[in-house]
Amino acid sequence: MSGHVRVLLLRHGETEWSREGRHTGRSDIPLDAAGRAGALEAGAALARIEFTRVLVSPLRRARETAELAGLRGPAELCDDLMEWDYGEYEGRTSAEIGEERPGWTIWDGGVVGGETLEEVGRRADRVLARLRALEGNVAVVAHGHLLRVLAARWCGLEPLVARNLALEPATISWLGHEHGTPTITLWNSRCV
């Protein structure tokens, strides 16, 4: 059904750890006050859109964002939408990791005891296979790094391209098609 689905990407709202720049993979951190406000703001921007499906990461910050945004459509938790497993880097900032590994970035330095970028890409590909079987507007509520990889893979690009797609908390992005070619039609926005 390629060409018949439009995909909304909604990154979860701010948390204490995201505000501090801490890698927040599988830790189940709740939204902070700014995160709750951001989710409500995103919901207001999306209030007139009906979704045929709403896929949500099972982690609390994504579930809270989806609930507060009030996305209209049948919701389903999707384990493949969980954030990158950062292993031993969970809860640490890039600067802290860089003290041990100068020049380190998540994109080319990898993590100790967690997922590789390729493994995250495979999870994104499984989500995309589900999305491409759907029609209409579909919402995906998840996490920064995972959504960046998902967008790169939507466009047929390698997961590493995601390093060039900055994504702020509680922002709205759309994946769609132009003349049958998968495209990013809106990125990192506060409005639709």
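Two exercises on a predicted model follow, each with a worked solution.

Residues are numbered from 1 along each chain as its sequence is written. Local features need pLDDT of at least 70, side-chain atom pairs count only at pLDDT 80 or more, totals for chains, interfaces and linings use all residues, and side-chain values use heavy atoms, with hydrogens and water left out.

**Exercise 1.** Determine the strand order of the sheet and identify its edges.

*Solution.* Helices (H or I, at least four residues) and strands (E, at least two) are DSSP runs, numbered from the N terminus. Two strands pair if DSSP finds at least two bridges between them.

1. Strand S2 (residues 53-56) is joined to S4 by four bridges in parallel, with Leu55 opposite Val140.
2. S2 also pairs with S3 (residues 75-77) in the parallel sense, over three bridges; here Val54 faces Ala75.
3. S5 and S6 are antiparallel, with six bridges, and Ile172 has Ser189 in S6 as its bridge partner.
4. The six strands form an open sheet of mixed pairing, ordered S3-S2-S4-S1-S5-S6.
5. S3 and S6 each have a single partner strand, so one side of each lacks a neighbour in the sheet.

**Exercise 2.** Establish whether helix H7 (residues 144-154) is enclosed or open, and locate its packing partners.

*Solution.* Buried means under 20% relative accessible area, with a 1.4 Å probe and protein chains only; contact means heavy atoms within 4.5 Å.

1. In H7, 11 of the 11 residues are buried, so the helix is largely enclosed by the rest of the structure.
2. Its buried residues pack against several elements, including helix H6 (117-132) and strand S1 (5-11).
3. After H7 comes Gly156, which has a positive phi near 80°.

Notes: Buried means under 20% relative accessible area, exposed over 50%, partly exposed in between (1.4 Å probe, protein chains only).
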